[in-house]
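Student: I'd like to go through this structure piece by piece. Can we take it one question at a time?

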Amino acid sequence: MGVEVPLGEIRTDDEGRLLVFGGLGQSASVLNQQIGESFDNPGWYDDVSDGPVTAQVTVGGKSLEVDPAWVVVAPPDYTPGIISPVTMYDVVYEAATQNGLPPPARVSFVKQIYPIFARFSKLQWVNEGFYLDYGWASPDDFLDPANIQKLSDNSAQYEPVRERIFRKFRDPDYVETQPDALPPLYGDGMSWPPDEKNPRNWLTLTPLQYYWLQQWSAGNFTSDWNPDVAAPKCLEDFPLANRPHALDEAALENCTGGAFHPGCEATWPMRHPTLYSGPFRIRHRLFGQPPKEFGDTLTPEVAVSKSGPLASSGPGDITCWMSVPWQIDTASCGAGYQPNINPYFPTFWPARVPNQVLTEASFKMALDSSLSEQQRLKYFSLRQDWLRDFTILLDYLQRVNQFAQDWSKVGIVVRRETPPGNPMLPPEVFVETQNELEEKPDNRFLAIDPRRHR
């Protein structure tokens, strides 16, 4: 439409490794229009982007065959270090197994089971429901060493504990409606008011994750938990042959694997094996080949067919399914839309878009030794609405349009270590920082009106 939108830049580091720097989060309307009710706003653009990465490699005059790759520049991650129970790595790994990648022969507690539980408990920093049910000092705090010791033991002694937890999880076959099962996250089919007859109103683990949990419940897993073994912290800690996959895993694990409604970084095509040429490799459209046209209507049958839009991909084909602009999804999708049932659950993407947070001011009070221990614990337990600076705008569209302008001023939830001498607090916390809107004189704590979702 005649507007040039910068999408970032590429360069290499001193080792010759490719670095991709995305856009700056800019979005606007070419037609000078406000964001509307839809999450697809004609005339709007943003700098979310994606595309193929190819290379020619020559060593000693000899050309080497290399696999192509893909890069996606997604919207901001407001909670770095906090990971969703279902990640994009889980989704892409599931698709890879359908394309021939053999799953592990035996379930490992460290690799397949512990991550699911640890993610649950870390969500305590971005959603108050997770804090109350799985957070610090709660009975189901999965990060508690005493609980980990029980969960990692494959003996019959703890089989009732494992079975109790496994039965709480939602079956991914989506045959029956399970609104109260785990995880307490909205699914692809979320609607308002919720359709109680649609099982896809809620998210499940991937079928492979669910199978691993089932094996764990029965004691069919390797009890390999060792808290003294440190995980790799940088790329050089991996053997050279393992580094390409380590890069894939690190990037994908830090993206959400649902709900695809439409999603945060990428959406539903990532589940389909036809999207890929091999494990963790999106199938490239031939260079210079134009994209296919599918007319004004795209049916589900065509969408997932072998000749449909997932058969091969070119620049922009992954993020074209996302919201435009990205800010409307981020500002719209929260949690607890039925406060009379639960004010915090279900939730959408708290691992990317926080719901309730521990503010920096509250954390400082929790560390204030001049206060009583009870008062300090009260401050530690105080969670505030992440979008509290926008809820003053009671109109949904006002709020979304204001967020499109001020998205870079809201708080970032970052990891902090609790100083020594605070035994009643966890050693690691995630605190909201850099909130440039905090000093607004008209701040008030108001609930988001669920009736105006999207």
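Student: Is Pro 269 buried or exposed?
Tutor: Keep in mind that this is a predicted model. The relative accessible area of Pro 269 is 4%, and the cut-off for buried is under 20%. So Pro 269 is buried.

Student: Where is Pro 269 found, and which residues does Pro 269 touch?
Tutor: Pro 269 sits in the loop that joins α7 (243-253) to β11 (276-278). The C-alpha of Asp 317 is 9.8 Å from that of Pro 269, though 48 residues separate the two along the chain. Not counting residues up to four places away in sequence, Pro 269 touches Leu 275, Leu 310 and Trp 321.

Student: Next, the core. Which helix gives the most to the largest nonpolar core?
Tutor: That core has 88 residues, and Met 88 and Met 270 are among those that touch the most other members. The helix that gives the most, with 7 residues, is α1 (residues 88-98).

Student: Which residues is Met 270 in contact with, leaving aside neighbours within four places in sequence?
Tutor: Some of the partners of Met 270 are Met 88, Val 91, Val 92 and Ala 95, and these four are also buried residues of α1. The rest of the list for Met 270 is Leu 275, Tyr 276 and Ile 318.

Student: How many residues of α1 are buried, and what covers them?
Tutor: The count is 9 of 11, so α1 is largely enclosed by the rest of the structure. Charged residues are in that set too, including Asp 90 and Glu 94. What covers the buried residues includes α2, α6, α7 and β11.

Student: Which residue caps the N-terminal end of α1?
Tutor: Look for a side-chain oxygen beside the backbone nitrogen of Tyr 89; the two lie 3.2 Å apart. At the other side, just after α1, Gly 100 takes a positive phi of about 110 degrees. The N-terminal cap is Thr 87.

Student: How do α1 and α6 cross: roughly parallel or roughly perpendicular?
Tutor: The axes of α1 and α6 (residues 207-217) come within 8 Å and cross at roughly 90 degrees. By class, their contact has 4 nonpolar, 2 polar and 2 charged residues. At that angle, α1 and α6 are roughly perpendicular.

Student: At what angle do α2 and α6 pack?
Tutor: Residues of α2 (109-122) such as Phe 109, Ile 113 and Phe 117 meet Gln 209, Trp 212, Leu 213 and Trp 216 in α6. The residues of this contact divide into 7 nonpolar, 2 polar and 1 charged. The two axes are 10 Å apart, and the helices are roughly perpendicular. The angle is about 105 degrees.

Student: Which residue caps the N-terminal end of α12?
Tutor: Buried residues of α12 (396-406) include Tyr 396, Arg 399 and Phe 403, and their cover includes β4 (44-46) and α9 (326-332). The backbone nitrogen of Leu 397 has a side-chain oxygen of the cap 3.0 Å away. The capping residue is Asp 395.

Student: One last residue. Which backbone oxygen lies 3.0 Å from a polar side-chain atom of Asn 422?
Tutor: Asn 422 is in the loop between β15 (412-417) and β16 (428-433), and counts as buried at 9% relative accessibility. Leaving aside neighbours within four places in sequence, Asn 422 is in contact with Ala 366, Leu 367 and Arg 376. The backbone oxygen you want belongs to Pro 419.

Note on methods: Residues are numbered from 1 along each chain as its sequence is written. This is a predicted model: local features need pLDDT of at least 70, side-chain atom pairs count only at pLDDT 80 or more; totals for chains, interfaces and linings use all residues. Side-chain values use heavy atoms; hydrogens and water are left out. A nonpolar core is a set of buried Ala, Val, Leu, Ile, Met, Phe, Trp, Tyr and Cys residues joined through side-chain atoms within 4.5 Å. Buried means under 20% relative accessible area, exposed over 50%, partly exposed in between (1.4 Å probe, protein chains only). Contact means heavy atoms within 4.5 Å. Axes are lines fitted to C-alpha atoms, for helices over the stretch in contact, and angles run from 0 to 180 degrees between N-to-C directions. Angles under 35 degrees count as roughly parallel, over 145 as roughly antiparallel, 65 to 115 as roughly perpendicular and the rest as oblique. A polar contact is a pair of N or O atoms within 3.5 Å; within protein, one must be able to donate a hydrogen and the other to accept it, and residues adjacent in sequence count only if both atoms are side-chain atoms.
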